[in-house]
Amino acid sequence: MGAQTPTNVQFDTAAAKKTYDQIIAKFDKRYKKALEPEQYEVWKTLSATTLDNKFSSILQHVQENTQSMF
């Protein structure tokens, strides 16, 4: 087997964030239909920061686990 040429692959963070935001929007729409208005407002307040933190954690995990592949 010959040595493989290193590939310079960049993770498209903006595209991943866009996809993640689309998924969150879909769930947000479902929660808005399922919850009472007061419950929905509480959920929005509680989930706003945790969703951004989750995206950051997912992104870090992907970057750490794909760097060694390329």
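Hi everyone, let's start with a term: a patch is made of residues with over 30% relative accessible area and no salt bridge, where like charges are joined within 9 Å and nonpolar side chains (Val, Leu, Ile, Met, Phe, Trp, Tyr) within 5 Å. This is a predicted model, in which local features need pLDDT of at least 70, side-chain atom pairs count only at pLDDT 80 or more, and totals for chains, interfaces and linings use all residues. Residues are numbered from 1 along each chain as its sequence is written, and side-chain values use heavy atoms, leaving out hydrogens and water.

Now, the surface. Ile23, Phe27 and Tyr31 make up a nonpolar patch there, together offering about 270 Å² of accessible area (Shrake-Rupley method, 1.4 Å probe, with only the protein chains shown counting as cover for residues). Above the ring of phenylalanine 27 sits the charged end of arginine 30, 5.4 Å from the ring centre; the rule asks for NZ of Lys or CZ of Arg within 6 Å of that centre and within 35 degrees of the ring normal.

On to salt bridges, meaning a side-chain nitrogen of Lys or Arg within 4 Å of a carboxyl oxygen of Asp or Glu. How many salt bridges does the count come to? Two. Lysine 17 pairs with aspartate 21, their closest N and O atoms 3.2 Å apart. In the other, lysine 44 meets aspartate 28 at 3.4 Å, N to O. That pair links distant parts of the chain, 16 residues apart: lysine 44 in helix 2 (residues 37–66) and aspartate 28 in helix 1. Helices here are DSSP runs (H or I, at least four residues), numbered from the N terminus.

Notes. Helix = DSSP H or I, 4+ residues; strand = E, 2+ residues; numbered from the N terminus.
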